[in-house]
Amino acid sequence: MKFVSPKIDYAFKKIFGSQQSQDILISFLNAIIYGGKKIIQSLTIANPFNPAQLLSLKDTYLDIKAVLVDGSIVVIEMQVARMAGFNKRVAYNLAKAYANQLETGEDYLLLNPAIAVTITDFIVFDNNENIINKFVFQQETKKIKFLEKELQLFFVELPKFKKNLSELHSLSDKWIYFLKSASRLDEIPENLREVSEIEKALNIANKINMTAEELDIVERRGIAMQDERGRITYAEQQGEQRGEQK
């Protein structure tokens, strides 16, 4: 068996954002947001997988928007390379998801909570060992929480995850391992097969289950992703060289 990388935008959207992927997304969100507790029971994917749209993407990220049964909105985003204004865009996407629930003149009481889950293939918080970091509004000195149920930010930093297969115990460990290492697997390991949603995700990512057209798209999107990373790395190196020269 060979599996495509879930970090490639086409594969990520197909695995987590297809109409038949609700159970996969529920399991993943329960792992990341609720520590594996089965809090989320149902959701609707608001912007389902559309291959034609993905072909025109030129950015290094995409998002999946889900509406939970209680009305809460969750925006899940994969970011594989650093970009200018990254923090501002994450904040903007969360604020937009929250604010766009209302039409002009509607009551604020109609607003439901909004949650942003951002997966990065680079380190965001250098001085923090946590792989999953949660942020809410709180008072600066006494840390009094405010709007903690209304607006939440979660970051999952893949490079910080160092566990191997034998060390995977929690549901979040298994999902993060899947995101980071699926493309290096030759078969579905038993401890990942124990989670039916991860097994289903791996079957979707299995190259043998993809058409020749899909494999071509995945290859081209993967190359585009590496090219974008290369451009960013080159720009960073050029900036460092100019700084040294000055």
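A residue counts as exposed when its relative accessible area is over 50%, and as buried when that figure is under 20%. Keep that in mind for this predicted model. The protein has 246 residues, and 46% of them are buried. Its secondary structure adds up to eight helices and six strands.

**Overall layout**
- Going along the sequence, you'll meet the elements in the order α-α-β-α-β-β-α-β-β-β-α-α-α-α.
- Take the contacts between residues at least 6 apart in sequence: 61% of these link residues at least 24 apart.
- About 13,700 Å² of the protein is exposed, with carbon and sulfur atoms supplying 51% of that area.

**Inside the protein**
- The largest nonpolar core has 54 residues, and those touching the most other members are Phe 16, Phe 28, Leu 29, Ile 76, Val 117 and Phe 178.
- Helix α2 (residues 22-34) gives this core its largest share, eight residues.
- Another core, of 13 residues, lies apart from that one and includes Val 90, Leu 102, Leu 151 and Leu 153.

**On the surface**
- Glu 219 sits in helix α8 (residues 212-245).
- Glu 219 counts as exposed because its relative accessibility is 51%, and the cut-off is over 50%.
- Tyr 10 is 209 residues from Glu 219 along the chain, yet their C-alpha atoms are separated by 9.8 Å.
- Phe 146 is found in the loop between β5 (132-135) and β6 (151-157), and its 55% relative accessibility makes Phe 146 exposed too.
- Together with Phe 137 and Leu 147, Phe 146 forms a nonpolar surface patch with about 310 Å² of accessible area.

Methods. Residues numbered from 1 in each chain as written. Predicted model: local features only at pLDDT ≥ 70, side-chain atom pairs only at ≥ 80, totals over all residues. Heavy atoms only, no water. Patch = residues over 30% accessible without salt bridge, like charges linked within 9 Å, V, L, I, M, F, W, Y side chains within 5 Å. Areas by Shrake-Rupley, 256 points an atom, 1.4 Å probe, with all protein chains shown as cover. Salt bridge = Lys/Arg side-chain N within 4 Å of Asp/Glu carboxyl O. Helix = DSSP H or I, 4+ residues; strand = E, 2+ residues; numbered from the N terminus. Buried < 20%, exposed > 50% of the residue type's maximum accessible area, 1.4 Å probe, protein only. Core = buried A, V, L, I, M, F, W, Y, C linked by side-chain atoms within 4.5 Å. Contact = heavy atoms within 4.5 Å.
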